[in-house]
Amino acid sequence: VIACGSNISTQIRLYTAAAGPLIESLPINPTLKNGLITDFIDLGNGAATLNDELKACAADKACKVRAIQKLETLFEQITVRGCPSACHFRSHERLEQIQRVIRGIINSALIFYGGTPARPAPATRRLPPTEKEAEASMKAGMKELEQLMKPIK
């Protein structure tokens with residue numbers, strides 16, 4: 001079993017830190033690009049906090065669920081920035097995909113530790129019912145996120 005929480009927090013931090021080239025490659029308004037840079041920095045900081053909190057939780061699964069729920073709340077706050085007039089994460093299809101994948105990773109992490117997502121994935125994606133499926137879902141989500149974070153050519 002992977003070190004689920006620390007693995008997702010580390011990978012989310014890495015991908016958000018490298019978001020600059022993707023953001024610059026998007027054919028969107030420069031003001032939105034600046035907002036997205038802030039969004040990804042804030043998400044990376046949230047992932048860093050998650051990592052610290054998960055380490056402090058040790059083997060306490062309820063503590064880990066609460067830590068992931070904090071990231072979930074932060075992520076939901078970030079995804080509605082600029083709405084309704086200029087939602088950052090709705091400004092390009094790639095960003096909408098990234099939003100769905102990150103939400104799926106967070107949902108799977110919550111399920112992995114025995115929690116329930118506050119905002120389930122869209123009806124097109126079912127939530128993984130078991131810890132093993134949740135772990136596989138997180139791994140698949142990370143691979144998908146890695147591809148989505150590459151600049152558009």
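A helix here is a DSSP run of H or I with at least four residues, numbered from the N terminus. By that reading, S9 sits in helix 1 (residues 4-17). With that settled, welcome to the close-ups, which are drawn from a predicted model.

**Figure 1. The whole chain is a run of helices, α-α-α-α-α-α from the N terminus on.** The count is six helices and zero strands. Of the 153 residues, 46% count as buried. Take the contacts between residues at least 6 apart in sequence: 69% of them join residues at least 24 apart.

**Figure 2. S9 in helix 1 is the centre of this view.** Is S9 buried or exposed? Its relative accessibility is 0%, so S9 counts as buried. Leaving aside residues up to four places away in sequence, S9 touches A47, L50 and N51. With N51 there is also a polar contact, side chain to side chain, at 3.1 Å.

**Figure 3. Helix 3 covers residues 30-57, and this view takes in both of its ends.** At the start, N29 places a side-chain oxygen within 2.6 Å of the backbone nitrogen of T31. From there, the 28 residues of helix 3 reach 40 Å from first C-alpha to last, close to the 40 Å expected at 1.5 Å a residue. Just beyond the helix comes A58, with a positive phi of about 55 degrees.

**Figure 4. Helix 5 (residues 93-112) is shown here along its length.** How many of the 20 residues of helix 5 are buried? The number is 16, so helix 5 is largely enclosed by the rest of the structure. The end C-alpha atoms of helix 5 are 28 Å apart, in agreement with the 28 Å that its 20 residues should span at 1.5 Å a residue. After helix 5 comes G114, which has a positive phi near 95 degrees.

**Figure 5. Helix 4 (residues 61-79) packs against helix 5.** Their axes come within 9 Å and cross at roughly 165 degrees. Angles over 145 degrees count as roughly antiparallel, and helix 4 and helix 5 are therefore roughly antiparallel to each other. The crossing is left-handed. On the helix 4 side, the residues that meet helix 5 include V65, I68, L71 and F75. Among their counterparts in helix 5 are I102, R103, I106 and L110.

**Figure 6. Helix 6 (residues 131-148) is the partner of helix 5 in this view.** The two axes lie 8 Å apart, at an angle of about 155 degrees. Helix 5 and helix 6 are therefore roughly antiparallel to each other, and helix 5 passes helix 6 in a left-handed crossing. Residues of helix 5 at this interface include R94, I98, V101, I105 and S108. Helix 6 brings, among others, A134, S137, M138, G141 and L145. I102, A109 and F112 of helix 5 are worth finding in both views: they are among the residues that meet helix 6, and also among those that meet helix 4.

**Figure 7. E133 in helix 6 is the last stop.** How far apart in space are the C-alpha atoms of E133 and F112? They are 8.4 Å apart, while 21 residues separate E133 and F112 in sequence. Buried means under 20% relative accessible area and exposed over 50%; E133 has 33%, so E133 is partly exposed.

Note on methods. Residues are numbered from 1 along each chain as its sequence is written. This is a predicted model: local features need pLDDT of at least 70, side-chain atom pairs count only at pLDDT 80 or more; totals for chains, interfaces and linings use all residues. Side-chain values use heavy atoms; hydrogens and water are left out. Helices (H or I, at least four residues) and strands (E, at least two) are DSSP runs, numbered from the N terminus. The expected span of a helix is 1.5 Å times one less than its number of residues. A polar contact is a pair of N or O atoms within 3.5 Å; within protein, one must be able to donate a hydrogen and the other to accept it, and residues adjacent in sequence count only if both atoms are side-chain atoms. Buried means under 20% relative accessible area, exposed over 50%, partly exposed in between (1.4 Å probe, protein chains only). Axes are lines fitted to C-alpha atoms, for helices over the stretch in contact, and angles run from 0 to 180 degrees between N-to-C directions. Angles under 35 degrees count as roughly parallel, over 145 as roughly antiparallel, 65 to 115 as roughly perpendicular and the rest as oblique. A crossing is left-handed if the near helix is turned anticlockwise from the far one by less than a right angle, and right-handed if clockwise. Contact means heavy atoms within 4.5 Å.
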